[in-house]
Amino acid sequence: ELVVAEEAEDAATDFMMGLLIIYRGIFHDEDEDRAVAWIGGETFQRAYNEASVILQKKNARTGSSSSA
């Protein structure tokens, strides 16, 4: 959330993609092409979408309680 809040959307996306590629390289010994394929894969996309929904719900609750 902090990266998205402080950076333009394209810069935040590039930063997050870079982190994911580095993560896959360090922990799964994958090159950039394999990491990008993983990011574009169904399993990652499903998990990303689920996490996005969770964050949206969390932010909605936080926003609601601060206005009460």
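Accessible areas here come from the Shrake-Rupley method with a 1.4 Å probe, and for residues only the protein chains shown count as cover. This is a predicted model, in which local features need pLDDT of at least 70, side-chain atom pairs count only at pLDDT 80 or more, and totals for chains, interfaces and linings use all residues. Residues are numbered from 1 along each chain as its sequence is written, and side-chain values use heavy atoms, with hydrogens and water left out.

Q: What share of the exposed area of the protein chain do carbon and sulfur atoms supply?
A: Let's start with the surface. The protein chain exposes about 5,600 Å². Of this area, the part supplied by carbon and sulfur atoms is 57%.

Q: In what order do the elements of the protein chain run from the N terminus on?
A: Helices (H or I, at least four residues) and strands (E, at least two) are DSSP runs, numbered from the N terminus. The protein chain has 4 helices and 0 strands. From the N terminus on, the order is α-α-α-α.

Q: What percentage of the residues of the protein chain count as buried?
A: Buried means under 20% relative accessible area, exposed over 50%, and partly exposed in between (1.4 Å probe, protein chains only). The protein chain has 68 residues, and the buried portion is 10%.

Q: Which residues of H2 are buried?
A: Helix H2 covers residues 9–28 and has 20 residues. The face of H2 turned away from its buried side carries the exposed residues Asp-14, Ile-22, Ile-26 and Phe-27. The buried residues of H2 are Ala-12, Ile-21 and Arg-24.

Q: Why do these buried residues lie on the same side of H2?
A: The arc is that of the directions from the helix axis to the C-beta atoms. The buried residues are on the same side of H2 because they cover an arc of only 170°.

Q: Which residue forms a salt bridge with Arg-24?
A: A salt bridge is a side-chain nitrogen of Lys or Arg within 4 Å of a carboxyl oxygen of Asp or Glu, and the structure holds 2 of them. In the one with Arg-24, the closest N and O atoms are 2.9 Å apart. Both partners are buried, and the partner of Arg-24 is Glu-30.

Q: Is Glu-42 buried or exposed?
A: Glu-42 meets Arg-46 in a salt bridge (3.0 Å, N to O). Both lie in helix H4 (residues 42–66), 4 residues apart, about one turn of the helix. Arg-46, at 42% relative accessibility, counts as partly exposed. Glu-42 is at 62% relative accessibility, so Glu-42 counts as exposed.

Conventions:
The expected span of a helix is 1.5 Å times one less than its number of residues.
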